[in-house]
Amino acid sequence: MKLSAFRIRNFRSMVDSKVNHLSSDNITALIGQNESGKTTILEGLHSFSNGIISEDMLRSDSAFPEIACYFEFNDKYLKEYLDLDKIPNGLKKKLEKKTGIWLERKWKTLTKNVFRCSDSELVDFYENLSESHHSRVETIYKNIQQINDETNELRADIKIIEKDKTDLVKETEDLTKRLNKTKRSIDRAKKPDLILLYQNEFEATNKIYIQKKNDLDEILKILNEKQQKLEAYGEKDRLAERFLEIKRNFDAEHENFNKRIEELHYFENLRSKTINPKELELLANNIEYLKTEQEKLQNNFIETQNKLDFIERVTEKVLVGKNTRVAESEVKIELSKQKEFYTLEEIGDVLSKHLPIFEFFEDFSSLLPNRIDLADLFDQNISAEGYKAVNNFLSISGLNSSFFKQENDRILKQRIENLNGEITIDFHEFWSQKIGKQNKIHLNFELEHYNDSIPEKSGKPYLEFWIKDNYERLYPKQRSRGVRWFLSFYLELKSIAMSKQKKVLLIDEPGLSLHAKAQHDVLKVFDNMKNDLQIIYCTHSTQLIDKEKMFRILAVERKEGKGINSQSVILDSKSLKAANNETMMPVHSVFSGHIIKEKSILKARNLIVDNISTFYYLSAFSKLIGNKGEVHYIPSNGVNEIPVMTNLLTGWRTDFSVLLPGTTEGQKVFEELKNSVFINDVDLCKSKLILMKEENIVDLFSKFDFKKYILNKRIGIPEANSEYIEINNLAGNYLASQFATMVDNGEIQQNHLDEQTTSAITKLIALIESSVNI
């Protein structure tokens, strides 16, 4: 799998890098000023790979990093990495022709993160499943709550009715007793008036009795109806009670679990800021205890979550009329099948085994030692000085430690001599520097044995390394820092490339200690290894930028702002137009040097200009106007560097003129050149020094032409053209190169420009031609 793009969020100065694509040829160069965020990108990618961050990688708003990378499968499809039986049916077709995927690492704490597939197609599918599930659960919960509310209301009603029934039964029983008693009294009474009294009492009590009996019958009827309604809910009622009990347990477990996580985060944060040893020990004990408790709570939480998931599914089936036992049986089968499907985290875990290793190349982390004991190689003693570098050296030579176990010393030494020649020839392909005019260094290693001067090692074998030239034979440690760095770098990259192990090599400022020619050799090593590994590097060096491969560049710069509002942004090769001049300085310098190198400076007709932007515009103007003869425009690296250029051309005994902008700096340089170069020769200064009225050559354009041919925008511009470029932090050099390209391609011709622009550039070209004696 090949790293193709990345997105970094909440990491150091990077709030959101957006999606950035790496160079298709496996070499990506990050350019930008110091503190722009170049190293942040390398560290972010490294953290994506190893899952490790530190507190100083967090932004001041304490948001945790989220780093995503897009990987291409080369000649394979995603389905070839995954078990299709573990993919839900609705997703299989989407994966059949998928040739790449996004993977993301998202931190929850400094020590915990989640690695998962974050590809939009897969995430959307799983989220739709989750949303559908949540929607169904909400409906289930609503129905269950309704059932529960209704059954609770019925039970409350039944309870009240039961009490009323009990009261009425007692009252009717009491009334029956009174009627019976009154009847006996009537039977025993002898006097007519007493009989009449009892008869009246009997009739009155009987009336009450009949009313109460009717009330009781009505209540019994209502009670029966309510009980029948309650019984009608049957399994649904019992299931609702069960469901709500499990839901309450789940909510309680969830709350406890989250509280414990918050506690753990608090103490881990506190530990990262504590330096007192006793406090650290106390915090470590607390954290250990909390982790143990958290594990227990997590297990309880997962168990309760599973119970809730189970009861939710069963309830859904019962609500549509299925028997509880049948529903439970069906849900068990469904859940067992679902457990076989990948989660997004499991997809991430499966694919992580196929990812390239992201490795930081650390300067001088493993330099070639003067010597190493064979015993350390045999025992794989990685702590031995130079162990890694020696292993790299041997792997490039095609050897391993077993080679040195054969007993024939003559064969060993002959083979070693041959290898010394082979590895030196290979090294010379990349290291072009010489000591003096012809003398190149040679790499050598020899098999030696300790003598009696070290009794405990006497007779034991060791390897000894030399870096030789025609004058001296020196140990690696006796060579310059630059030679040692390049050798370590060469051994590392060559060994990785030969191992065919998939790696993304992250290099911060390669070759800082190297001469410019040797820095160019670094680029040559990159180009040679690019088919076997990916390289992402930061640089300020013009020697490490290939002018023919601008697609390799990602420009990194800092937006205006303070604190958390100061953010790094990344611009790809198509967006370099928006980069500021400081960011683009290495690129401009490459092209300036190339122009001077390729356009051989003539003995006459040379014009020094202040920058590459002026060079582009003048080259285009000359083509548009049709100059009388060829003028060689030589760009300086800023107006204040023009005196250096004049000294250089004076030393070459070359005739030249100078074009200066009408700025304060331009006027100062005019005075300086008048005094130091042209020795106050008024006539010579008048003919050879041109001080423009305009502060910038782009101000020669009319507002209409500036908007149409430089900005390609229709907007109101009240200020000068050059001020607009500066205020909006536009890449003036890029705008100039675009204009020159369109003129070269015939997309812009003289008759396209209005009269104001044409007149201004015609006058300037005439002045220049006069100055260089055309």
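**Close-up 1. Asparagine 606 and its bridge partner in strand 19 of this predicted model.** Asparagine 606 is paired with phenylalanine 656 of strand 19. Step back a little, and you will find three bridges between strand 17 (residues 606-609) and strand 19 (residues 656-660), two strands that run parallel.

**Close-up 2. The open sheet, in the order 18-17-19-20.** Four strands make up this sheet, and their pairing is parallel. At the edges are strand 18 (632-635) and strand 20 (689-691), each of which pairs on one side only. On average, neighbouring strands are turned by 25° against each other, direction ignored.

**Close-up 3. Helices 14 and 16 with the strands they touch.** Helix 14 (residues 612-625) lies across strands 17, 18 and 19, and runs at about 165° to strand 18. Helix 16 (residues 664-676) packs on the sheet too, where it touches strand 19 and strand 20. The direction of helix 16 makes about 160° with that of strand 20.

**Close-up 4. Helix 21, with its buried and exposed residues.** Which residues of helix 21 are buried? They are Thr757, Thr758, Ile761, Leu764, Ile765, Ile768, Glu769 and Ser771. These cover an arc of only 160° around the axis, which puts them on the same side of helix 21. On the other side, Glu755, Gln756, Lys763 and Ser770 are exposed. A handy reminder here: an α-helix has 3.6 residues a turn, so residues three or four places apart point the same way.

**Close-up 5. The length of helix 21 and the residue that follows.** At 1.5 Å a residue, the 17 residues of helix 21 (residues 755-771) should span 24 Å, and the end C-alpha atoms are indeed 24 Å apart. After the helix comes asparagine 773, with a positive phi near 65°.

Methods: Residues numbered from 1 in each chain as written. Predicted model: local features only at pLDDT ≥ 70, side-chain atom pairs only at ≥ 80, totals over all residues. Heavy atoms only, no water. Expected span 1.5 Å × (residues − 1). Buried < 20%, exposed > 50% of the residue type's maximum accessible area, 1.4 Å probe, protein only. Arc of directions from axis to C-beta. Pairing = 2+ DSSP bridges. Axes fitted to C-alpha atoms, helices over the stretch in contact; angles between N-to-C directions. Contact = heavy atoms within 4.5 Å.
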